[in-house]
Amino acid sequence: MKRICVIGLGYIGLPTASILSSKGFKVVGVDINGKLVEELNQLNIDLLELGLADLANSAIESGKLVAKGSPEKADVFMICVPTPLTDENKADLTHIKNAAERVLPYLRKGNLVILESTVPTGTTEGILKPILEESGLKVGSELYLSYCPERVLPGNILKELIENDRIIGGVNPESTELAKEVYQSFVEGEIYLTDTTTAEMVKLIENSFRDVNIAFANELSKICDKLSLNIWKVIELANKHPRVNILKPGPGVGGHCIAVDPFFIVEKAPNKARIIKTARCVNDSMPDYIVEKVEKAVKEAKIKSPIIACLGITYKAGTGDLRQSPALRIVRRLREKGLTVRACDPYVKDFAEFPLLSLEETANGADCLVLLVDHKEFKEIKLQESLRRMRGNIIIDVRGVWLSSE
Ligand code: SAJ
């Protein structure tokens with residue numbers, strides 16, 4: 001039985017480690033977060049995404065997955081650590097470098113190292129490979145190295161981990177084939193083989209494609225506001241064309257991927273990545289744009305001390321994830337401006353920054369209702385019902401939940 005050491009037990013590492021352990025591998029999951037390691041081993045993990053905690057718990061209970069604070073000898077080392085942005089919007093590769101250095105003492109001839117983290121092109125061979133060779137082993141002949149980016153959608157991780165196609169790029173054909181054997185054990189989608197740099201670029205352009213398309217929708221929403229057109233109706237009708245599929249405008253792009261990864265392309269080709277860079281600017285401009293829209297609406301209605309009710313603070317529907325959330329940014333900015341802001345979010349627990357109220361407490365007596373996240377709980381609300389609860393009648397439906405049907 002093969003032993004796999006998964007470094008980083010986050011959104012990707014933990015489900016991957018759990019699935020691998022259910023396919024006959026003996027898996028050691030490693031994380032620097034001691035509390036997480038302890039909670040996992042005590043079957044006490046609390047994950048918001050449906051099914052993930054159950055999967056992790058049964059993997060640990062079966063004894064095939066063990067969580068630890070440091071790596072140990074294995075046949076395969078899989079690195080699934082975050083790559084955040086620096087203050088200069090460059091990729092911060094510290095976690096990858098640290099993970100590689102931590103596995104060094106355990107590397108043996110014939111081992112395979114797989115990188116899953118999203119990285120700028122050239123990282124696998126230019127940064128990771130030299131660190132791994134400090135072990136004294138030659139990458140390509142004594143040690144194998146592949147890049148295989150994760151592609152799962154937060155909110156649907158389990159299904160997509162199994163069903164999505166995968167791209168594997170190895171430093172040489174042997175490395176690619178060895179990595180393919182690992183993924184074949186649980187991936188039901190197609191597995192496509194290439195080189196490391198192509199695989200790195202593929203991951204980056206997937207998220208940039210989505211960012212650019214969301215930016216197009218957001219720009220259209222600003223244009224339609226200016227022309228007093230219903231953006232939702234305009235997009236709905238345009239999408240009746242067989243080759244048009246415009247995404248949804250919103251409060252901007254959040255999360256830890258789409259708002260980050262396009263910068264890794266900009267970093268490598270700053271003068272060429274013009275649309276990609278502009279898309280980031282358009283999407284990042286949305287929170288301020290929505291804040292201005294709210295301010296303008298209450299000013300025009302001449303409401304003294306308006307009460308603003310904000311529905312949702314997460315980065316997208318159906319999750320409690322607040323990372324880079326444009327909705328949260330909007331609530332914060334409105335509060336900073338001294339407005340009376342109430343907020344609710346049924347998915348967010350243990351939030352200390354400001355009080356989160358129930359939906360009723362948020363809407364009752366409010367002057368302006370701002371729908372920021374299209375959680376299903378909000379979609380079920382009838383607009384007329386909300387208006388009856390309110391003191392005023394200003395509705396700013398940033399996600400098109402109610403206004404799209406007008
Ligand atoms: N959003 C819009 N309008 C839309 C679609 C999304 O405003 O029409 C916003 C969302 O509200 C959210 C943000 O974009 O704030 C991103 O949400 P998302 O659901 O599009 O994507 P993520 O960030 O949760 O996951 C993405 C996925 N990438 C693609 O779909 C190309 C996922 O497959 C990746 O694995 C993930 O990034 C990642 O980890 O890289």
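Trainee: What makes the space taken by the ligand a pocket, and which rank does that pocket hold?

Mentor: In this predicted model, the ligand takes up the second largest pocket. The term pocket applies because such a set of grid points is open, whereas in a cavity the probe cannot get out.

Trainee: What makes Lys 248 a polar contact of the ligand?

Mentor: A polar backbone atom of Lys 248 lies 2.7 Å from a nitrogen atom of the ligand. The cut-off for a pair of N or O atoms is 3.5 Å, so this pair qualifies as a polar contact.

Trainee: Which atoms of Lys 316 and Arg 399 are paired with the ligand, and at what distances?

Mentor: Lys 316 places a polar side-chain atom 2.9 Å from an oxygen atom of the ligand. For Arg 399, a polar side-chain atom is 2.8 Å from an oxygen atom of the ligand. Both pairs fall within 3.5 Å and therefore count as polar contacts.

Trainee: How do you know whether the ligand is buried or exposed?

Mentor: The ligand taken alone exposes 780 Å², and the protein buries 89% of that. The ligand is thus mostly buried.

Trainee: Which residues come nearest to the ligand, and how is the shell composed by class?

Mentor: Among the 21 residues around the ligand, the nearest are Glu 150, Val 152, Lys 203, Arg 210 and Tyr 315. The shell has nine nonpolar, nine charged and three polar residues.

Trainee: Why does the radius of gyration agree with a compact globule?

Mentor: A compact globule of 406 residues would have a radius of gyration near 22 Å, and the protein has 23 Å, so the two agree.

Key:
Residues numbered from 1 in each chain as written. Predicted model: local features only at pLDDT ≥ 70, side-chain atom pairs only at ≥ 80, totals over all residues. Heavy atoms only, no water. Near = heavy atom within 4 Å. Polar contact = N/O pair within 3.5 Å; in protein donor to acceptor, adjacent residues only side chain to side chain. Areas by Shrake-Rupley, 256 points an atom, 1.4 Å probe, with all protein chains shown as cover. 1 Å grid on protein atoms, 1.4 Å probe; cavity = no way out; pocket = protein on both sides within 12 Å on 5 of 7 lines; lining within 4 Å. Sits in = over half its atoms within 2 Å of the grid points. Nonpolar A, V, L, I, M, F, W, Y, C, P; charged D, E, K, R; others polar. Rg over C-alpha atoms; globule rule 2.2 N^0.38 Å.
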